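Welcome! Take a moment to turn the structure around on your screen, and then let us walk through it together.

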Amino acid sequence: MAPLFEARGLHLRFGDRVVLEDVSLAFPAGTLSGIMGPNGAGKTTCFNVLTGRYRPDRGQVLFGGRDITGMAPHRIARLGIARSFQLMNLFDEFSVFENVAVALPATRRRVADPVGRAYGEPATVAAAMAVLERVGLADRADQPAKSLPYGARRALEIAVALASDPQLLFLDEPTAGLGSDGRARLAELIRALKRHVTIVVIEHDMDFLFGLADEISVIHWGQVIARGTPAELKANPWVMASKLGDGA
Ligand SMILES: Nc1ncnc2c1ncn2[C@@H]1O[C@H](COP(=O)(O)OP(=O)(O)O)[C@@H](O)[C@H]1O
Ligand SMILES: [Mg+2]
């Protein structure tokens, strides 16, 4: 079966610097794929090409068999692709509920006072609360986003991405800044989501990805230098010795 999402031979340069070189990736529906590699390897740039922020100099991006190369980010999002960012992207002064409510497709279609009206519509309230249930934040719906501890903020970011009911979810370093408890909780959350949505996670925490991913691609110097299941990569002495997951 053709993968849900595919990148073929992506090249991208910034000035005379080659940042992606012949990157090919395939994400089958219903799987969790990992992208691992040291800082500066090109992982976030790769997401930026896959989600339309940058147009590749060469290569193709395919979603459900359709060529979406160079399509604008909001159009790609509308096809059913959501992403969370390496740097957090929340409305701090808004409540947890409001952050999710504004991201619901029904709310986004309303132009004037989307949040105020969201409260008045039972279907919208129910939809936002259902998303918050999925990430374990329902009991914090009324708190301002800025009051959440760091791990809960990461969960809220995922909730905002899920609010659009995506088929495919891209997460860029979701464990950034989390301690081991936070990581464990986040791993549990992502494992639960995996049953409903195809997920791609960038991480340089090897252990986190090894425990979650069906398949991992290792990117270094803008190239995919290894690919395999966690077991296959663990058995690859070169990958392990290079400590590619450590951000070193
Ligand atoms: N908009 C840009 N303009 C120029 N260089 C960039 C830009 N974005 C990223 N880079 C460079 O591309 C390389 C890869 O960056 P990035 O994709 O953020 O790496 P990673 O996410 O793997 O840590 C880095 O050297 C970075 O400085
Ligand atoms: Mg990055």
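## A sheet of four strands

In this predicted model, four strands form an open sheet in the order 2-1-4-5, and their pairing is antiparallel. Two of these strands sit at the edges, namely strand 2 (17-27) and strand 5 (66-67), and each of them pairs on one side only.

Let us look at one of those edges. Strand 4 (residues 58-63) and strand 5 run antiparallel and are joined by two bridges. If you want a spot to find on screen, look for Leu62, which stands opposite Asp67 in strand 5.

## A helix packed on the sheet

Which helix packs on this sheet? It is helix 1 (residues 43-50), and it touches strand 1 (5-14), strand 2 and strand 4. The direction of helix 1 makes about 65° with that of strand 2.

Why can we call helix 1 largely enclosed by the rest of the structure? Seven of its eight residues are buried, so the rest of the structure largely encloses the helix. You can pick out the buried ones by name: Lys43, Thr45, Cys46, Phe47, Asn48, Val49 and Leu50. Following helix 1 comes Gly52, which has a positive phi, near 95°.

## Around the ligand

Now turn to ligand 1. The residues that surround it are Phe14, Val19, Gly37, Asn39, Gly40, Ala41, Gly42, Lys43, Thr44 and Thr45. Which element gives the most to this shell? The answer is helix 1, with three residues.

What kinds of residues make up the shell around ligand 1? Six are polar, three are nonpolar and one is charged. Lys43 is worth finding on your screen, as it belongs to the shell around ligand 1 and is also among the buried residues of helix 1.

## The whole chain

Finally, let us step back. The chain's secondary structure comes to eleven helices and ten strands. Buried residues account for 39% of its 248 residues.

How does the chain fit the picture of a compact globule? A compact globule with 248 residues would have a radius of gyration near 18 Å, and the chain has 18 Å, so the two agree. The C-alpha trace spans about 55 × 40 × 35 Å along its principal axes.

One last number concerns contacts along the sequence. Of the contacts in the chain between residues at least 6 apart in sequence, 66% join residues at least 24 apart.

Technical notes:
Residues numbered from 1 in each chain as written. Chains lettered and ligands numbered in written order. Predicted model: local features only at pLDDT ≥ 70, side-chain atom pairs only at ≥ 80, totals over all residues. Pairing = 2+ DSSP bridges. Contact = placed C-beta atoms within 7 Å. Axes fitted to C-alpha atoms, helices over the stretch in contact; angles between N-to-C directions. Near = placed C-beta within 6 Å. Nonpolar A, V, L, I, M, F, W, Y, C, P; charged D, E, K, R; others polar. Buried ≥ 20, exposed ≤ 12 C-beta atoms within 10 Å, placed from the backbone. Rg over C-alpha atoms; globule rule 2.2 N^0.38 Å.
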